[in-house]
Amino acid sequence: MIKYIIRRLLVSIPVVFLIILVAFLLVQAMPGGPFDASNQKPIPAVVREILERKYGLDKPVYEQFFNYFVNLLQGDLGPMLRQRGQTVNDVVAQTFPVSFQLGMLAMILGYGIGVPAGIIAALNHNSTLDYAATFAAVVGVSVPNLVLGPVLILLFGVSLDWFPIAFWGADPPFILGLFPTPNAEFWSHAVLPTVALGTGISAGVARLTRAGLLEVLSEDYIRTARAKGLKERMVILIHALKNALIPVATVLGPQLAAILTGTLIVEQIFALNGMGRRFIHSVQEREYFLLVGLTLIYGVLLILGNLTVDVLYAWLDPRIRYD
Amino acid sequence: MTTAEKGLEQLAGDKVLGKGRSPVQDAVREFRRNKIAVAGMAFIIFVVLVAIAAPLLTPYGFATQNLDYPRAKPMTSVVITTEFAEKCHWYDTPLEWGCTLILFGSDNVGRDLYSRMIYGTRVSLSVAVVAASVSLLIGSVYGTISGFAGGRADNLMMRIVDFLYAIPTLPIIIMMTVYFQAISRMGIHTGFIGALITLNRAMGGLFFLFVAIGALNWIGMARMARGQVLSYKQKEFVEAARAVGASNGHIISRHLLPNIIGPLLIAESLAIPGYIFLEAILSFIGLGVQPPTPSWGSMINEGYQGILSNPHLVLVPGIALALLTLAFNFMGDGLRDAFDARLRGRQ
Amino acid sequence: MFSRNNLFKAFALLILASMVLVACGGGAVETVIVEKEVPGGVETVVVEVEPEVEQVVTMDGYSTTDIPELDPQLTTDQVSISYIENLFVHLTNFDLVTSEIVGEAATSWTTSEDGLTWTFTLRTDIPWVYHNPVTGETTQEVDADGNPLFVTAEDFVYAIKRACDPTVGAAYGGLIAPFIKGCTDHITADDFSQELDDAVGVSAPAPDTLVFELEFPAGYFLSLTPMWVMAATPSWAIAEHGEAWTEAGNIVTNGRYVLSEWVHGVRRIIVRNPLMPADMQGGGNIEKIVINVVPDTSTGYALWLNNEVETSGVPAAELEAFLEQYPDEADQISDLAVFYMGFRSSKAPVDDPMVRQALAQAIDKEAFIEVVLQGQGVPMIHFTPPGLFGAPAIDEVGVGYDPAAAQQLLADAGYPNCEGFPQTSVLGYSGQSTLDWLTFVTGQWETNLGCSADLFTIEQQSFGELLDTVSEEAPDDQVPSLWTLGWGPDYADANNFVGDVLRCDVSDWGFNRECNAIDDMITAARVEPDPAVRIDLYTQIEEAFFGDGGEHPIIPLWLRIAYTARHSWLDRIPSTFGGEQWYTWNIDWEAKMAAQGQ
C-alpha cells in the first residue's frame, strides 16, 4: 500500500506541472489585461506600460512562466496585481480556510444525513418510507444551489429572521491556520450556507447508499444470514454495510470536485470570503497570479482527494489490492 | 381469478409478446413499470418538442421589450392595444387584435418571462445534447480502443486518463469561456472555423462552451467504455468472429459497440443534469450565454437581485431547472434499474 | 432490524436537531467564572454576563469590494478614494456646502504673473500619527531624535515626486504629469533616475512653503489640488514596510480618521484621530466606521432592510418597491458620470457630421431614462455635467430630440429615409444594461429615421477588450463605427471632459478626430487665467461640438443618478469629487438604537 501511495504521488507531479502550464497559458490567452482600466475608466497607456514592466508582464511568455515556476518552487505564489500590499499567499491564507470549513461542514452534513437516510430507505425497500426518501433524495439532487441559496436567505434569514444572511462568522487568524473558533456566532452564520451546499450532497449520498445496500442485500449470503438468526445477522449486516458503502466511496472523489464547484456559488450568494468567490472575481480582474495559484490549489486538492478515496476504497473492499 | 388462471394469463401474455424476448424488450417492460421514470421521459420529450416548436408557442420573441410593463407579476393579464400588436405575433403573423401578456410575469425590461422560458429550453437542451454527445463520442472511442487494444497501449492510455482525471475542471472551464468568447469575436468568417463561429453566435455564444464542457468530461465515459469492452472481449461470439476472419474494425462496430452502447448511454444521461447545472452556474456568474439569449441560469442571475419583491423572477426558471433535472434523474435511474433488473431477474 | 432502523433515524434526527438548536442558541453571551463563598468553603460558579454594549457613535456600512488600495499615489477607484479622503489630508479640499475649493493642508496660495509658478503656504500643526490596532492607541510619530513629526511641505514634495516615479506605477501620475514640469520626462523613463527626479518641478523652500513649477500656465490647476494623488505620504513608513506599508499596524496617516482594523476581503474599521487639530475635525459626530465586504447588492440591500447598515444601493428589480415603501429614505445621488456613444469619425458613414447629428437627434433620451433606467438619469445634450467649472446649464447648449430635423439631416447627407445606409457596427461593453441601451437606441433609429434595426450589428465585449478594439492604431475596417462609453470626473473642471476626452491629440479614445479650430479653443481655455473668459470659452466649445451644425464627435446620452437607500438617522451631504467626507456626517444615535431595537 505504501508503495502504491508513493507511486501515485510521484505520478501526480507531472500532472501538477501540466495544470500549472495549462492555467498559465489560458490566463495569458484571455484578452485584456489587469491594467487596462480601473473602475470603468481606462488607465493611460503610459502608466499601463509602467505597471506591466513592474510585474514582468511585458516579457515573453516562456520567460514569465519560468520566473513564475522558480518562485513557485520557493513557495511564493506571486503578487497581487490590483492590491499592492497583498500577495497571493496572503489571499490564500485568508480564503482557503473558509472554503475548507464550508466544504467540510457540508460533507459532514451530507454524509451524516445521507448515509443513515439511505440505509433506512434500503432496509424498508418498497415501502412508503422508501419512496418518500428516494423522492426527497432525487429532488434534493435536482434543486440547484443557486435556487436553494436565495430561497433559504428569503425564508430563514429575512422572513423568519432565525439566521444571519451573510458572512462566515469566523475571520483570520484561524486555529492551526484552518479551523475557526467554534462559538455560537460561527454556528449561526454557518447554518444556511452549509445547508445550501450539503443538501445536494446528502441527497446524492442517500441515493447511492440505498442503491448499494439494496444490491448487497439481495446477495445470497444475506439471504442465508436472514435464515440463520439474530447475532449472525448483525455481523453480516455490518459486512453488508461495508460493501454497500463502496459505491458511495467511489463517488467521494467526484463529490470533492462537486463541493469545490458548489462552494463557488454558495460563497457568492452568502458573501463568504472563500476561494471560489475570489476566483470568479479575479477572472474579471485578470489577476493572473491569483488565478493560476487557485487553479493549482484546486488541482492539488483533487489529486489528494482522489488518492484518499482510492485508499479508502481499498480498505472497504478487501478484494481490491494495489501493488 | 385463481392463482393458476393468473399464471396462465401471464404465460399467455409472454407468448403474445413474441417468441424470444430480446433484452431490449425486457428492459422496456421493466422501464414501463417504473411510473416515475416514464413520467420523467415524457417530460423530457415534452420539453424537446417545446424547444423545437418555440416560435409557434410564444407570443413574443425572447428579446422583445415591453418597456411599459416591467416586472409584471405572474398571471396578470394585460391586454395590449393594437399599438403594441406588431410586437406580438403568432408565428410571423402579427396579431392585430392585441394579445394578453404574462403567464409567468415579465422581467426588468418587460420581456415576457413565458417566452423567455420557452426559448430557454433550447439552451438547456443544447448543452445536454452537445456536451453529452461530445463526451460520449470522445469517451467511448477512446475507451473502446484502449480496451480492445489491451496490453501496453491500454496501460498507456489509462495512465493518460488517470493523469487528466486530476485536472480541476471548473476553474479551467471558467477561463476557457472567457477565451472562447474572445475568439468568437475575432471576426473570422470563412471556412470551417467561420462556420463554427457562426453556429456559436446562433446559439448565443455557447457552442464552444458546450464543446469544452463535453471535452473535459469524457474521462468517466472512457473508463466505463473500456471496462465494458474488457468484459465483452472474452465472450465467445468475439472469438467466433475472429475465427471467421473478421477484421478488428468489424468486430468493434458490429459486435462490441451495440452491446456496450446501452450502459454508456445510461451513464451519459445521468451526467446530463450535471451539464445543465454547469451551464446554469456559468450563466449565473455571468460567463454563460450572451444577452439577450435567455438561459434559465442567466434568468436566475438576473432575477436574483430582485428576489425580495419579485421572487417569481427567480422561482420560475429555478423550478423549471429543477424539474428538468429531476426528469433526467428519474429517467436515468429508471433506465439503469430496468437494464439491471433484467440481468438479475425479478426481485 | 427494527431497533437498528429506529437507532439510525434517531441518530440522524439528533444531529439535525442539535445543529439547529446550537445555531439558534443565541447571541454572544460571555461566561465568567466567579468564586462564591458558601458555607463550608468556596464554590466556583459559572455566571453569564451580558457583554458591555459600546456606546460610541458608529456608522455601519458595506461595500461590494475590499479596499483595492490605500496608498494615495497608487489609487484609482472610488472606494479607495473615500478612505484616502478620511485617512489623509490633501493640499486643498472641496467644500460640500459652497462647492468651492478651500484650503486643507494649505492655508493660502498665490500664482506668479506668468501663471507658471504656484506657491502654497501650509499649516504646520497637522501631526503624523500611528494607530496601534492591538492597544487602540493613537500616538504621534517621532523622528530619530524624538521630535514629533508634523506634515511639512517636504512630505508633499516626496509624495508628488513619487507620483512621477516610473517604478512606482501611479495611475493618476499620468494625469498630473502634463502639468508639473519634468514629471512627464520622469514617468516615461525606463527606470528611476535621480537626475530626472530632481528635475521635477515641485520644491519646499521652507517647511511651510510648497512651490509648483508648471509646464504651461494651467488656469485650472487649482481644481487638481484636492486630488488624492498629491496627498503627502510618510516616506519613513514606506521605506520601512515597502508595499505593505498600508496594512493596519504599519500605516502612518495624518487625517481625521485612523485605520483600526483591516481584514482583507471581510471588513475594515476606522476610528477618529484624537490628535487632529480641532478646527479640522469636520463637524461630524461619527467616532467609528465599520464596513463589511458584501459582494452582492441584493444581500446588502437585505442588510439595509434589516437596519444593519446605514446606506445601501438598491437593486434595479427592487427599486419600485423601495420607492413605494421608503420614499423619504431615498436619496438621488449623481456621481456626475456621463454616458455617451463615440463615433469613429474617420469611418463611413459616420464620417459625415450631418449623419452624426441625425443619429444624435433621433434618440428620445427622456423616454429611455424613464423606462430603462427607471428615472435614474438626466438627459445630456452636451458633454460636461453640471457642477464642474465651465459647464453650461444642463438644458442649454446642444441640440435635443428632434426626429423631424434628424430625418431632414439624414436626407441631406444622402440617405433619404435611410436608403442606402450601409451596415454599421455598434460595440458596447458587457452587461445587460448596455444591451438595453443599445437595443433602445437602434429601435429609435428605426422608428425615427427609418433605419431598420438590422442595419446595426450589435456586439459586446468586456471593457478592456473594447478599449483595445477602438484604439487609434487599429485599422478602420476592424473598428466599429459606434461604441458605448462613460466618463466620470477626476477633478472639478470642464477641461476634464471636453479637454481630456475630446481633444484631437488625446489618443486613448479612438475617435480619430481631425484637429480643428475647436481644439485651439480648448488649448486656449486650458491656459486662460481669467475664470470668466474660461467659462465663455467652454460654452463656445460645447456649442461648436454639440450645437446645430456642430461636429458631434460623440452623442452624449445621459448623466447617471442613482437611488441610494439611506436611513433617516444618518445626516450627510454626499460628495461628488474626491471621496466621501465622513468626518462631516452625523448620526442620530438614539434613533438608530431605537430602530435596531436596543
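Biologist: Happy to look at this with you! What percentage of the 598 residues in chain C are buried?

Modeller: Bear in mind that this is a predicted model. A residue counts as buried if 20 or more other C-beta atoms lie within 10 Å of its own. Of the 598 residues in chain C, the share that passes this test is 46%.

Biologist: How many helices and strands does chain C have?

Modeller: Chain C mixes both kinds of element, and its C-alpha trace spans about 110 × 80 × 45 Å along the principal axes. The tally for chain C is 18 helices and 24 strands.

Biologist: Let's pick out one sheet. Which strands are the edge strands of the open sheet of four strands in chain C?

Modeller: The strand order in this sheet of chain C is β3-β15-β14-β13, and the pairing is mixed. An edge strand pairs on one side only. In chain C that applies to β3 (58–63) and β13 (257–263).

Biologist: Which residue in β14(C) stands opposite C:Glu261?

Modeller: β13(C) runs antiparallel to β14 of chain C, residues 267–272, and six bridges join the pair. Across from C:Glu261, in β14(C), stands C:Ile269.

Biologist: Which helix of chain C packs on the sheet, touching β3, β13 and β14?

Modeller: The helix in question has a direction at about 140 degrees to that of β13(C). It covers residues 78–87 of chain C, and its name is α2.

Biologist: Now to the neighbouring chain. Which element gives the most to the side of chain C that touches chain A?

Modeller: On this side, 55 residues of chain C are in contact with 50 residues of chain A. Elements of chain C that each supply at least two residues include α4 (173–176), β15 (288–293) and α9 (297–305). By class, this side of chain C has 26 nonpolar, 19 polar and ten charged residues. With eleven residues, the element of chain C that gives the most is α1(C).

Biologist: And the interior? Which helix gives the most to the largest nonpolar core?

Modeller: In soluble globular proteins, nonpolar side chains tend to be buried together. The largest nonpolar core here holds 329 residues, and among those touching the most other members are B:Ile213, B:Tyr275 and C:Ile176. The helix that gives the most to this core, with 17 residues, spans 88–123 of chain A and is α4.

Biologist: Which residues does C:Ile176 touch, not counting residues up to four places away in sequence?

Modeller: C:Ile176 is one of the core residues that touch the most other members. Leaving out its sequence neighbours up to four places away, C:Ile176 touches C:Ala163, C:Cys183, C:Leu224, C:Val229 and C:Met230.

Terms used: Residues numbered from 1 in each chain as written. Chains lettered and ligands numbered in written order. Predicted model: local features only at pLDDT ≥ 70, side-chain atom pairs only at ≥ 80, totals over all residues. Buried ≥ 20, exposed ≤ 12 C-beta atoms within 10 Å, placed from the backbone. Pairing = 2+ DSSP bridges. Contact = placed C-beta atoms within 7 Å. Axes fitted to C-alpha atoms, helices over the stretch in contact; angles between N-to-C directions. Nonpolar A, V, L, I, M, F, W, Y, C, P; charged D, E, K, R; others polar. Core = buried A, V, L, I, M, F, W, Y, C linked by C-beta atoms within 7 Å.
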